[in-house]
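Colleague: Please take a close look at the aromatic rings of this model and how they pair. Start with the surface and the overall layout, then go through the rings and their surroundings step by step.

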Amino acid sequence: MTILSYLAGTMGVAMGLGVIPQAYKIFKRKSAKDISGSMYIILTIGMFIWILYGLETGDKPVIIAYSTGFLGYLSVLVGWFLYK
């Protein structure tokens, strides 16, 4: 793997974790009033498709990065469904 692969994988994980503060805020306040559920549905589906692509091509950075993002976006969606 190249340095760019490692960098892309690291940044992908960081970007996936970037949604965790939003999920935390939803669960702490027990409110998702101002969250766009449709945006998170689209992003979650997109992350899942990228995971499938990564599995098909055997691209570990893609699998790891998008799995992290998928879990982050999924947590926001769960909060949105519970507290909308």
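Modeller: The accessible surface of the protein chain comes to about 5700 Å², and 70% of that surface belongs to carbon and sulfur atoms. Keep in mind that this is a predicted model. Of the 84 residues in the chain, 32% count as buried.

The layout can be stated briefly. There are 4 helices and 0 strands, so-called α-α-α-α when read from the N terminus on. Taken along the principal axes, the C-alpha atoms fill a box of roughly 40 × 20 × 15 Å. If contacts are counted between residues at least 6 apart in sequence, 74% of them join residues at least 24 apart.

Now the rings. A search of the whole structure finds 6 aromatic pairs. One of them joins Phe-48 and Phe-70, with 5.9 Å from centre to centre and 40 degrees between the planes. Why does this count as tilted? Planes under 30 degrees apart count as stacked and planes over 60 as edge-to-face, so the rest, including an angle of 40 degrees, are tilted. Phe-48 belongs to helix α3 (residues 37–57) and Phe-70 to helix α4 (residues 60–83), so this pair ties together parts that lie 22 residues apart in sequence. Phe-48 has a relative accessible area of 41% and is partly exposed.

Another pair is formed by Trp-50 and Tyr-53. Their ring centres are 5.5 Å apart and their planes stand at 85 degrees, so the pair is edge-to-face. Both residues are in helix α3, and being 3 residues apart there, they are separated by about one helical turn. Trp-50 is partly exposed, with a relative accessible area of 40%. Tyr-53 is also partly exposed, at 41% relative accessibility. Tyr-66 comes in as well, because ring pairs link Trp-50, Tyr-53 and Tyr-66 into a cluster.

A ring can also have a charge over its face. Lys-84 lies over the face of Trp-80, at 4.6 Å from the ring centre.

Phe-70 comes up again when we turn to Thr-44. Thr-44 has its place in helix α3. Is Thr-44 buried or exposed? Its relative accessibility is 7%, and buried means under 20%, so Thr-44 counts as buried. Which residues are in contact with Thr-44, leaving aside neighbours within four places in sequence? They are Phe-70, Tyr-73, Leu-74 and Leu-77. Phe-70 is therefore a ring partner of Phe-48 and also a contact of Thr-44.

A second threonine can be described in the same terms. Thr-68 lies in helix α4 and counts as buried, at 17% relative accessibility. Not counting residues up to four places away in sequence, Thr-68 touches Val-13, Gly-16 and Leu-17.

Tyr-66, from the ring cluster, leads on to the largest pocket. That pocket has a volume of about 230 Å³. It is lined by 14 residues, and those nearest its centre are Ala-8, Gly-12, Met-15, Ala-65 and Tyr-66. Which elements give two or more residues to the lining? They are α1 (3–17) and α4. The largest share of the lining, 7 residues, comes from α1. Tyr-66 thus has two roles in this description: the ring cluster includes it, and the centre of the largest pocket has it among the nearest lining residues.

Two loops remain. Asp-59 lies in the loop between α3 and α4. At 29% relative accessibility, Asp-59 counts as partly exposed. Along the chain, Asp-59 and Gly-9 are 50 residues apart, yet their C-alpha atoms are separated by 10.0 Å. The other loop residue to look at is Lys-30, placed between α2 (20–29) and α3. Lys-30 has a positive phi of about 55 degrees although it is not a glycine. With a relative accessible area of 54%, Lys-30 is exposed.

To return to your request, two ring pairs have been followed in detail. Phe-48 and Phe-70 make a tilted pair that ties α3 to α4. Trp-50 and Tyr-53 make an edge-to-face pair inside helix α3.

Technical notes: Residues numbered from 1 in each chain as written. Predicted model: local features only at pLDDT ≥ 70, side-chain atom pairs only at ≥ 80, totals over all residues. Heavy atoms only, no water. Buried < 20%, exposed > 50% of the residue type's maximum accessible area, 1.4 Å probe, protein only. Contact = heavy atoms within 4.5 Å. Areas by Shrake-Rupley, 256 points an atom, 1.4 Å probe, with all protein chains shown as cover. Phe/Tyr/Trp six-rings, centres within 6.5 Å; stacked < 30°, edge-to-face > 60°. Lys NZ or Arg CZ within 6 Å of the ring centre and 35° of its normal. 1 Å grid on protein atoms, 1.4 Å probe; cavity = no way out; pocket = protein on both sides within 12 Å on 5 of 7 lines; lining within 4 Å. Points joined across faces, edges and corners; volume = space filled by probe spheres on them.
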